[in-house]
Amino acid sequence: MHPRLAEDLNSLPDLLDAARKHAGETLAGLPERAAAVPPAGRVPAPLPLEGSGARGALEEFAQRWEPTFAGSAGPRYLGFVTGGATPAALAGDWLTATHDQNPASGMDSSAQDLERETVGWLAELFGLGAEFSGAFVTGATMSTVTGLAIAREWLGERAGVTVSRDGAAALGPVTVLSGSPHSSVSKALSFLGMGRSALRTVPVLPGREAVDVAKLEEALAALDGPAIVVANAGTVNTVDFDDLRAIAALKRRYDFWLHVDAAFGGFAALAPEHAALTADLDQADSVVVDLHKWLNVPYDSAVQFTRRRDLQLRVFSNNAAYLGEIGDTPDFLHLTPENSRRLRALPAWFSLVAYGRDGHREIVERCVALARDLGARLDASPRWRLLAPVRLNVVCFSPASDATQERIDALVRAIAEDGTTFLTPTVYDGRPALRAAFSNWRTTAADVERVFAALERLG
Ligand SMILES: *Cc1c(COP(=O)(O)O)cnc(C)c1O
């Protein structure tokens, strides 16, 4: 054994204590850590030849890289839709690496069953019945890739071709209809060989991001074959929801695959006040939910659900003699884009066991209340203008006057440099804007006060 490895093996408990102590100090400082650290170009160091052992690596990381990291796991990071890691999720993540299971197959370990148990709990949380199965993937984008790959196979089934065998070209041009699709839909279509131009946006309701269902019906009626509809259960700008019930009702008259992007909006299901928004999620053929956002598990974690596991198996099956037979309960390597993969379910499992539906509901409800609080403060200030009502956990706003792209970009930079919070820019309804997204379990009313004070100072 290499002497550095042998040394580290001999002092493993001490090393882990040192890493734990370091993590503990980092986490203790998280509430006051700068939300963002604007990057200053870093010159890559040369490849280490001798190696300095795990302690050396920890020291170098702490000295050279860690100070440049964002406080993205902290309470006032409101950019994108980020979330953090609950204490239990973090412990689960450590143990994921500790056990280093590969839940691709079930030949050697029950880790796959833990993933199945967790997927089952999540399905229940989001109101999806036994007809749905699912798997962990890296993020909502990969969940959409998986869902649309199954949809593509379904389009093939309708057309009498087997896309998984004969390729996307056998299918010919595809139509994907959506009101306010997330950018990842277009990326997935490019990746899957259906092409970005397959996506046709359907008009939204006036002053909304939700699709105009009458216009969607017109678009479906004008087609001469089956299509894919991507419904949005929580848009990134204003967390607007398509009317899932009305869209699902169109299935009686038109032939389409219903893919629902509920990346973070799916968590509305946990809060009784908002649960109606997702009540019809179970009408979907495939569903996307991100877990590294509002479930507050570390990156990279999302789940995909579908009611057509048979088609999923056709797309993703990975046959090899050494992998054994595909039985009634296919191994995950026959269902997901990856073969080998980490036990991503474990952090989610830990958090669900630790806090249950109630604990996660409290996180969701608190985030919504905090978003409303910030929205009300901005609305009352002459400096700012709310661009949409705070529907769930995102506040979409701009300066009250002179809301040009240059001004927004300058504000984003100034906010990042200040470090009290971090916000991301967007364009809503043609207007340059800012968004503040609440999804971290640590955020409190005191944080909202500090964020608002910083915005008043910088705005
Ligand atoms: C974040 C998000 C995605 C993409 O998620 P990743 O986890 O970054 O892949 C897709 N759709 C919606 C609505 C999102 O909010």
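## Domains, ligand site and selected elements

The domain assignment of the protein, which is automatic or taken from a database, gives domain 1 (3-71) and domain 2 (101-350). The centres of the two domains, taken over C-alpha atoms, are 37 Å apart.

This is a predicted model, in which local features need pLDDT of at least 70 and side-chain atom pairs count only at pLDDT 80 or more, while totals for chains, interfaces and linings use all residues. Residues are numbered from 1 along each chain as its sequence is written, and side-chain values use heavy atoms, with hydrogens and water left out.

### Ligand

There are 13 residues around the ligand (a heavy atom within 4 Å of it), and Thr141, Asp261, Asp290, His292 and Lys293 come nearest. The table gives polar distances between ligand and protein; a polar contact is a pair of N or O atoms within 3.5 Å, and within protein one must be able to donate a hydrogen and the other to accept it, with residues adjacent in sequence counted only if both atoms are side-chain atoms.

| Ligand atom | Protein partner | Distance |
|---|---|---|
| oxygen | Ala140, polar backbone atom | 3.1 Å |
| nitrogen | Asp261, side-chain N or O atom | 2.7 Å |
| oxygen | His292, side-chain N or O atom | 2.8 Å |

Taken alone, the ligand exposes 380 Å², of which the protein buries 82%. Accessible areas come from the Shrake-Rupley method with a 1.4 Å probe, and for residues only the protein chains shown count as cover.

### Strand β10 and Thr426

Helices (H or I, at least four residues) and strands (E, at least two) are DSSP runs, numbered from the N terminus. Thr426 lies in strand β10 (residues 424-428). With a relative accessible area of 16%, Thr426 is buried; buried means under 20%, exposed over 50%, and partly exposed in between (1.4 Å probe, protein chains only). The side chains of Thr426 and Asn237 are joined by a polar contact of 2.6 Å. Beyond its neighbours within four places in sequence, Thr426 is in contact (heavy atoms within 4.5 Å) with Asn237, Cys396, Arg431, Pro432, Ala433 and Arg435.

### Helices α14 and α2

Helix α14 (residues 445-458) has 14 residues and should span 20 Å at 1.5 Å a residue, which agrees with the 20 Å between its end C-alpha atoms. The expected span is 1.5 Å times one less than the number of residues. Buried in α14 are Asp447, Val448, Val451, Phe452, Ala454, Leu455 and Glu456. These buried residues pack against α12 (345-380), β8 (384-386), β9 (394-399) and α13 (405-418).

Leu12 is in helix α2 (residues 12-29) and is partly exposed, at a relative accessible area of 40%. Leu12 and Val364 are 352 residues apart along the chain, and their C-alpha atoms are separated by 39 Å.
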